[in-house]
Amino acid sequence: MKELIRKLVDVSSPSGHEKGVHQAILKELEGHIDGYRYDNIGNLIVWKTGVAEKPKKYLLDGHADEIGVVITHIDEKGFLRIDPVGGVNPLMLLGTTLQFESKETHEMIKGICSYESETFEDAKKNLQNPNYDVLFVDIGASSKEEALRHVHVGHFGTYESPFIDQNGKLISKSMDDRIACAIIVQLFKELGKVPNDVYGVFSVQEEVGIVGASVAGYDIMPDMAIAIDVTANSDTPKGFKRMDLCLGNGPAIKIKDKASISDGLVVDTLTNCAKENGIPYQYEVLLFGGTNAHGYQLTRSGIPSGTLSIVTRYVHSPHEMVDMNDVLNAVKLLKKVVE
Amino acid sequence: MYLKILSELYGASGNEEAVKKYIREIVKKTGKIDYIKEDHLGNLMCFKKGKNQKKTLVLMAHMDEVGLMVSKIEEDGKLNVLPVGGVDPRVLLGKRVVVGEKKINGIIPFKAIHLQKKDYKKVPDWNDIRVDIGAKDKKEAEARVCIGDYCHFYTSFEEYENRYIGKAFDDRAGCSIMLDVLESMTELPAYNVIFAFVVQEENGLCGSGAVLKHFHPDAALILEGTTAGDNPELKKERWSTHLDNGPAINYLQSMYVIDRRLFNAIIRTAEDIKVPYQMKGRTVGGTDAGRLARSFYGVPGAVVNVPARYIHSPVSVMSKSDYHHTLELVKALVMTENYLEALEV
């Protein structure tokens, strides 16, 4: 499964540009699904049809997009200005490599992020308070013309960072939310004949504001929707002291975050399945944030929705860290739920 | 062009009746619409059959503008107000408004410069904003206005050289362009077109989603008047748009990434017909495209803007050539198949 995760996190697919991930997912799922389609706004929906007389419909969601940046201006010397796509703290960008798919070669062009500093005072101020007004990206171009061969205003890019497999942890960009995509793909690979209809939704544009979920929910009208997403942690030095979320303690069954309160049906189903099968789990009450469960709750006449989280360190940084055991246990748990 | 009259009509969010009445009149006068529909929220939808009737485009502009609403009448007869939509209180001091259906004249008071020492350095917030309608006390004020009355900016439309000046170009510019497109049609559009004039965009994209309950469009094209922000004291890199550089195209906005296929179709079309265009350099601010993408079965959309300086204030400035180039571009998108064909790839 690690190879699958590596393949998915390797793809650069910022919000609105999910095609790359979708194609990688479809390739992996060949022979493991009964069908797939894209909906109006680009969500990839795959399914397996249940054999029960009156099958229930389960929807599992992992968003295909990742946070990134977009080029807003290219100056005469070929330097780029950017804005965030989703929640990108400008602090994360300093010292980080960015990547953009070149118009000319279709290879990934790398960009280095730095900040304006006309005086030492400026440098100090801008370093202490980095913001998009003072940041710029350097792709090594010596002129506007050279830059324009590769990129244009309105060009989207993402972090570029290595995939690391170390001490039972996986570290990479875009674990948010490729880890969920990988979990769903792995689940479909492992599923044999299923009693219930199982839909996998690889939704678009979660990071800019939960766009895809409500549309997928409207189309599918499932009996239950489970969003799978990363969540924050509390187990690092001076981590959040009002929450209890640890890597390695099992997938986290979300009770609530800022955008939604998980439906009791979903929480109970996940909890019971975990207990009955001896799968470790933890409960999650998150003080902030939201997932696609919010989108599913608000569509049609309201779909019972909840979230299964993978506790992740350094979310929205170029190096998001998950525990491999949590991932494997999430697959196990979801498999029991849909069976 | 109907921009003059449209911009001078009063229609803050939730109070679009006068704007709608006028638009309905013009739409009928063109005689080019198959039927008109109005929903419970107040959206006006005008259906035009196309050559290809299997596909439908929704062309959308919002009728509402930002304004104020009376929240309390003070003992001294002055009115407390709150914003309807995004209004910067700093631009209000000393400006004229009209209050309520009776269109009572009001002025937003401030302390004369003679009486100030350092007060002028203080940025006013909503606690400092009142409307003075000349009433001597609460009783007299209550005879003319009541809580919940709208206050609209009072600005007459003017033009000189390459500029239009007036209020509410966000989004009467879009409304005006839609009427111009309709009026100019000498043959059927490439596909069915719904000319949707929607309500309550400025207070949180409240109106547009309901349009999808009545029609099933394949894609949306949103027309907006958008921020210029090309003031000389600001860094050029951070300008949103620049007057006279042509219609501005969004690629990312608050809560929505513009559908890439539609975005590319707009650019291709602009290049085909040799209309200048620019990218909107800032990614903040939402439009109804974001609402339509999330509503019901999800309708992908893109946005074409006429740049305007100082929007969401009592007066904004627009370029005539930008307006006309935007009109040409929108016409081409409606009359050729580029736009909806892009979705088939």
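Q: What does it take for two residues to be in contact?

A: Two residues are in contact if their C-beta atoms, placed from the backbone, lie within 7 Å. This is a predicted model, in which local features need pLDDT of at least 70 and side-chain atom pairs count only at pLDDT 80 or more, while totals for chains, interfaces and linings use all residues. Residues are numbered from 1 along each chain as its sequence is written, and chains are lettered from A and ligands numbered from 1 in the order in which they are written.

Q: How many residues does each chain bring to the contact between chain B and chain A?

A: Chain B brings 19 residues and chain A brings 24 residues. On the side of chain B that touches chain A, strand E16 (256-257) and helix H7 (288-294) each supply at least two residues; such elements are DSSP runs numbered from the N terminus, with helices (H or I) of at least four residues and strands (E) of at least two.

Q: How do the residues on that side of chain B divide?

A: Ala, Val, Leu, Ile, Met, Phe, Trp, Tyr, Cys and Pro count as nonpolar, Asp, Glu, Lys and Arg as charged, and the others, Gly among them, as polar. By that scheme, the side of chain B that touches chain A has 11 nonpolar, 3 polar and 5 charged residues.

Q: Which domains does chain A have?

A: Domain bounds come from an automatic or database domain assignment, which for chain A gives domain 1 (2-66 + 173-338) and domain 2 (68-160). Their centres, taken over C-alpha atoms, are separated by 31 Å, and 12 residues of domain 1 are in contact with 15 residues of domain 2.
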